[in-house]
Amino acid sequence: MWGGLLVVGLVASITFAVTLGPAEISAGEVWASVLHHLGIGESPLSLLRDGIVWQLRMPRVLTAAAVGAGLAIAGAVMQALTRNSLADPYLLGLSSGASLGAVSVLLLGVTILLPIAAFGGALVALVLTLLIASAAGGLTPSRTVLAGVAVSSLGAALTSFVIFWTAKGDSYREILNWLLGSLAGAGWSAVAISCGAIALVGIPIMIAGRSLDAFAFGDTAAAALGISVGRTRWTLLVATALLTGAMVSVSGSIGFVGLVLPHAVRLVVGSRHRVLLPLSALVGAIFLIWSDTLARTLFDPREMPVGIITAVIGAPLFVLLLTRKSTRV
Amino acid sequence: MSLPTRLLPLAAAAACALALVGCANSPGISPEPAASVAPSAATDYPVSVDNCGFDLNVAAAPERIVTIKSTSTETLLALGLGDRIIGEAFPDGPVPDQWADDAAAIPVISDFAPSQEAVLALEPDFVYGGWESNFTPETAGERAALRDLGIGSYVSPAACKDDAYQPDPLTFDVVFDEITEAGHLFGVDNAAAALVAEQRGDLAGISADTRGLSVLWYSSGTDIPYVGAGIGAPQMMMDAAGLTNIAAEVQDTWTSFSWEAVVDADPDVIVLVDASWNTADSKIAALEANPATANLSAVQDGRYLRIPFAAGEAGVRNVAATASLVEQLSAIGLD
């Protein structure tokens with residue numbers, strides 16, 4: 001039931017979010033333009049205004065949906081794998097590692113593809129976090145988070161250093177948007193990267209994620225249920241890093257989506273991953289679409305980085321969840 | 001913070017010595033614009049001004065000046081005070097040809113905002129900054145801390161960010177007042193008066209474009225464009241050139257904007273700010289690469305005006321920059 005409702009919600013969100021923006025274009029004209037690009041009828045808009053709909057708003061809304069879904073999946077999976085309700089790509093250092101990889105590419109002119117660099121950064125950060133936590137005595141929730149905080153801070157410091165060293169004049173402004181997370185630059189290539197990552201990595205994770213239920217009772221219990229614990233965990237963690245890297249490469253590091261939304265969904269539908277993962281993805285998509293819509297319309301014609309919005313909404317939500325289920329965290 | 005304490009006696013001594021020198025000498029050099037004017041009447045020191053809310057007291061004509069950002073360097077060069085600049089920092093680009101020889105002799109301390117120690121090491125008696133943010137503990141030092149070391153500091157009044165001091169809107173009169181005030185502080189009133197007279201004449205000679213063209217002042221940014229807004233130096237120059245700013249409604253000097261609003265307005269021309277780290281050509285490439293902006297009529301027809309980064313901030317280059325905009329406009333055929 002929830003699934004159907006959320007799919008309808010997602011489609012409705014996309015449909016209405018594209019009609020909102022600084023330029024005054026009526027909803028009917030927007031939809032006619034979109035239909036025109038889907039091969040139905042003619043666009044009633046001039047070339048330029050048609051561009052606003054099809055080159056600016058549509059790819060941005062779709063990217064927001066894919067990034068939101070991807071971050072929510074990554075968060076839910078990491079929470080299960082590390083048996084740690086605080087785990088998410090942001091808190092465990094993946095986002096900051098991915099940012100470092102991406103910023104290095106952008107500013108130092110390292111010639112590898114942005115998503116690959118971001119993935120590399122995310123993977124290195126993840127491995128570092130898990131190694132530190134293991135070396136400190138095992139992957140307990142608190143150790144993992146503390147290790148993640150350390151790695152995250154290191155990544156942020158190195159990113160700041162790269163920026164400090166290379167940004168000239170007022171070019172730091174661009175980087176700032178990027179660090180806070182922004183979808184302003186999302187075009188169709190961003191849609192291809194983020195939706196491609198959902199299709200190639202996110203959906204396989206959701207299918208494989210069914211085995212995550214077994215992890216809830218500990219590694220021994222999982223092994224007793226016939227799951228190859230080590231291999232499953234690492235496969236899923238690497239896939240999560242890949243997913244995070246792809247998302248960060250198009251949006252910068254957006255916080256709280258991966259942390260808060262899976263919890264909220266878990267409260268409503270329980271923690272069976274067969275249900276939890278797809279619903280988290282849908283909620284994440286809807287949440288980020290509307291956060292980004294706020295980011296681009298709240299101070300029209302100015303824009304603000306969407307990461308500010310997700311944090312402003314996400315932080316109090318997180319506190320609320322903390323107080324409601326204080327026994328589990 | 002041990003450094004300032006350690007340098008305090010030294011700096012105080014230097015300041016005392018300079019005060020004596022300053023009193024003994026009438027303003028040293030005869031600046032070029034002042035050449036035609038009668039020999040100068042020296043400023044009566046001490047001089048006090050309220051500069052962005054900071055009480056600035058100058059006991060004697062500053063002789064060892066550090067400048068931060070191009071606008072302050074260029075103001076001093078235009079006043080014929082190039083030989084009093086012992087170091088410049090954070091230059092935004094090359095100075096115009098007319099001052100190139102004077103500027104060549106000035107050592108560049110840092111390509112970025114310099115640290116306090118780098119500034120103090122030069123033993124300046126004055127620091128002239130283009131932005132208030134040039135005076136923080138991480139950069140040249142807080143103004144009060146510099147004052148305690150006997151070092152005066154001045155921020156271009158056009159760059160004051162406090163509501164009570166930010167010019168709203170900035171006008172050429174404010175820019176000229178800054179030149180006059182700077183001339184007074186540095187003891188070259190006549191040179192400043194001559195420079196202002198010359199600039200007023202040049203400004204009056206500019207005939208604004210009358211076609212009612214709309215314009216985007218594109219300063220930087222690719223994902224989120226950073227543009228000239230309604231109350232700053234860009235707006236002042238666009239007004240003087242007869243251009244209508246599409247971002248004029250935003251009550252700020254510069255602002256982050258959105259591409260959607262740009263495409264919606266479809267400006268007739270685009271002013272490209274040319275900086276070494278973000279060239280006009282790279283902006284054209286970005287505009288053409290983005291499918292939404294590639295269809296803008298200004299992009300399609302290549303209707304671009306260029307302005308060097310340093311000339312886009314309030315200062316002695318604004319009049320010439322406005323003239324250049326009008327000249328570039330006249331080459332653009334539009335009904």
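This tour goes through a predicted model, stop by stop, with something to select at each one.

**Stop 1: chain B as a whole**

Begin by selecting chain B and colouring it by secondary structure. You should find 13 helices and 13 strands. Chain B has 335 residues, and 51% of them count as buried. How do its contacts spread along the sequence? Among contacts between residues at least 6 apart in sequence, 66% join residues at least 24 apart.

**Stop 2: the two domains of chain B**

Now give residues 2-203 of chain B one colour and residues 214-330 another. These are domain 1 and domain 2 of chain B. Where they touch, domain 1 supplies 22 residues and domain 2 supplies 20 residues.

Stay on the domain 1 side and pick out three helices: α2 (70-78), α6 (172-185) and α7 (189-204) of chain B each give two or more residues to the side that touches domain 2. Which of these elements has the largest share? It is α2(B), with 5 residues. Colour that side of domain 1 by residue class and you get 10 nonpolar, 8 polar and 4 charged residues.

**Stop 3: where chain B meets chain A**

Bring chain A into view. Here 26 residues of chain B are in contact with 24 residues of chain A. On the chain B side, select β11 (254-256), α9 (259-265) and α11 (291-294), each of which supplies at least two residues. The one that gives the most is α9(B), with 5 residues. Sorted by class, the chain B side holds 13 nonpolar, 8 polar and 5 charged residues.

**Stop 4: a single residue, Ala294(B)**

Zoom in on Ala294(B), which lies in helix α11 of chain B. Is Ala294(B) buried or exposed? It falls in between: with 13 other C-beta atoms within 10 Å, Ala294(B) is partly exposed, because that class lies between the limit of 12 or fewer for exposed and 20 or more for buried.

Show its neighbours next. Leaving aside residues up to four places away in sequence, Ala294(B) touches Leu287(B), Glu288(B) and Val299(B). For a distance to draw in the viewer, try Ala294(B) to Ile284(B): they are 10 residues apart in sequence, and their C-alpha atoms are 9.5 Å apart in space.

**Stop 5: α8 and α11 of chain A**

Move over to chain A and select residues 188-208 and 229-251, which are helices α8 and α11 of chain A. Their axes come within 9 Å and cross at roughly 160°, so α8(A) is roughly antiparallel to α11(A). The crossing of α8(A) and α11(A) is left-handed.

Turn on side chains to see who meets whom. Residues on the α8(A) side include Ala190(A), Ile193(A), Ala197(A) and Val201(A), while those on the α11(A) side include Leu236(A), Leu243(A), Met247(A) and Val250(A). By class, this contact has 14 nonpolar, 4 polar and no charged residues.

**Stop 6: α3 and α12 of chain A**

For the last stop, select residues 47-81 and 257-269 of chain A, helices α3 and α12. At what angle do they pack? The angle is about 75°, with the axes 7 Å apart, and α3(A) and α12(A) are therefore roughly perpendicular to each other.

Among the residues to show on α3(A) are Gly68(A), Leu71(A), Gly75(A) and Gln79(A). Their partners in α12(A) are Val257(A), Gly258(A), Leu259(A), Leu261(A) and Pro262(A), taking the contact as a whole. The contact of α3(A) with α12(A) has 8 nonpolar, 4 polar and no charged residues.

Definitions and conventions. Residues numbered from 1 in each chain as written. Chains lettered and ligands numbered in written order. Predicted model: local features only at pLDDT ≥ 70, side-chain atom pairs only at ≥ 80, totals over all residues. Contact = placed C-beta atoms within 7 Å. Helix = DSSP H or I, 4+ residues; strand = E, 2+ residues; numbered from the N terminus. Nonpolar A, V, L, I, M, F, W, Y, C, P; charged D, E, K, R; others polar. Axes fitted to C-alpha atoms, helices over the stretch in contact; angles between N-to-C directions. Parallel < 35°, antiparallel > 145°, perpendicular 65-115°, else oblique. Left-handed = near helix turned anticlockwise from the far one by under 90°. Domains from an automatic or database assignment.
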